[in-house]
Amino acid sequence: MEKTDENLLLEAVRGDEISFTLLVNRWEKKIFGFVFRYTGNREDSQDVVQNTFIKAYSNLDKLQDPASFPAWIYRIALNECRIRFRKGKRIRSIEIPLCEGEAVQSVNSCISAVVTVTPEQVVSGREDLKRLSTAFYRLPEEQREVILMREYQGLLFREISEVLEVPLSTVKSRLYLGLKTLRRLMEETS
Amino acid sequence: MKCNESLGIMLDILYGEEVEPTSAYRFFCHLKECCECDAEFKELVETREILGSWDGVDETAGPETFREGFFQTRRFNWWGLVQKAAATLLIIIGGAAAAQEVGLIPERTASLPEAELARMINDIVVERQAEGWMVIGEALVTLKEDLDAKDRRQTEVFYRDLDEIEEKFLAVMEQTRLGSEEMTSQ
């Protein structure tokens with residue numbers, strides 16, 4: 001029977017490194033997906049994910065409630081992203097995979113590989129993605145974070161409020177403003 | 001439902017969060033009546049669709065590299081160990097063969113006397129031959145029994161057929177004789 005996150009955590013706290021490794025295996029993809037969208041850069045994401053789990057490992061004893069591990073690990077990842085983002089490593093180009101199994105490319109070089117039927121659709125798809133990514137990274141940080149967690153990580157509003165340690169209403173208002181702003185920014189660039 | 005109430009649960013409905021069924025019903029009723037809220041909701045749905053098109057972050061590429069870092073040193077790598085053991089074994093075998101080739105290691109020789117060895121081989125051959133003959137004999141007996149049975153069945157059929165032919169022949173002869181006698185009397 002597969003062990004729960006809580007069980008693995010309890011064992012990891014007692015010094016079982018294998019349990020922590022299993023926990024990392026279980027969560028690294030999710031965290032990487034989150035961080036990659038936040039930073040828009042693969043190398044940065046790798047560093048951030050690594051730092052996230054190193055911090056998590058060295059602070060395991062501070063996690064009082066094992067059930068809150070998801071929120072806790074997202075919070076660490078988010079803080080790492082913020083640190084990285086504020087260090088001045090701004091996004092220059094955003095890597096967007098075009099279809100399953102295909103190598104990730106930069107937006108500027110992906111026209112021909114977009115899976116579409118007509119040339120018009122190719123250009124349209126590319127432009128949409130470009131406008132979306134540009135607008136997304138122009139969003140205020142707090143709005144971008146909420147969109148990221150809700151839209152791409154599938155966290156519930158309650159869970160986002162736990163990660164960000166803000167009231168539920170704040171999460172909703174940030175999300176609403178984020179979606180509206182994103183729409184406006186995309187229209188501006190079209 | 002008023003517009004501000006509608007906006008209050010718009011995001012919950014948009015993202016499929018828990019909403020009272022009656023509230024959801026009233027929300028959609030309100031959208032039918034209010035063009036502004038309807039447009040607002042449609043715009044949010046469209047924005048979500050656009051966000052959804054930015055899908056498929058290749059999450060596997062990052063963690064793979066990540067694995068090579070911090071946790072690699074902490075993980076017990078069974079497969080790596082097996083590979084190393086196999087490589088070591090191959091090196092030892094190869095080295096031993098090379099050493100034997102150049103005469104560093106003497107070749108293994110049979111310690112049994114030649115006569116003893118010949119006797120053992122002979123025993124094995126004789127034993128195998130006896131086994132073989134037994135198998136052949138059994139097969140021959142079975143075959144003979146089968147053939148006898150077949151012959152008996154065929155002979156019986158043959159004699160039965162002959163009897164029938166004889167009876168028919170005699171019957172025909174009798175009819176012919178009767179016919180001849182009748183013609184002679186006439």
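**Close-ups of chain A**

**View 1. The overall layout of chain A runs α-α-α-α-β-β-α-α-α-α along the sequence.** That makes eight helices and two strands (DSSP runs numbered from the N terminus: H or I of at least four residues for helices, E of at least two for strands). This is a predicted model, where local features need pLDDT of at least 70, side-chain atom pairs count only at pLDDT 80 or more, and totals for chains, interfaces and linings use all residues. Residues are numbered from 1 along each chain as its sequence is written, with chains lettered from A and ligands numbered from 1 in the order written.

**View 2. Confidence varies along chain A.** Mean pLDDT (the predictor's per-residue confidence, from 0 to 100) is 78, and 78% of the residues reach 70 or more. Over residues 91-119 the pLDDT is below 50, yet beyond near neighbours in sequence this stretch has 46 contacts in the model (C-beta atoms, placed from the backbone, within 7 Å).

**View 3. Helix α4(A) covers residues 69-86.** Its end C-alpha atoms sit 26 Å apart, which agrees with the 26 Å expected for 18 residues at 1.5 Å each (1.5 Å times one less than the number of residues). Among its buried residues are Trp72(A), Ile73(A) and Ala77(A) (buried: 20 or more other C-beta atoms, placed from the backbone, within 10 Å of the residue's own). The buried residues of α4(A) pack against α2, α3, α6 and α7 of chain A.

**View 4. The largest nonpolar core has 45 residues.** Such a core joins buried Ala, Val, Leu, Ile, Met, Phe, Trp, Tyr and Cys through C-beta atoms within 7 Å. Residues with the most contacts inside it include Leu23(A), Phe34(A) and Ile160(A). Helix α2(A) gives the most, with 10 residues.

Methods
Buried ≥ 20, exposed ≤ 12 C-beta atoms within 10 Å, placed from the backbone. Contact = placed C-beta atoms within 7 Å.
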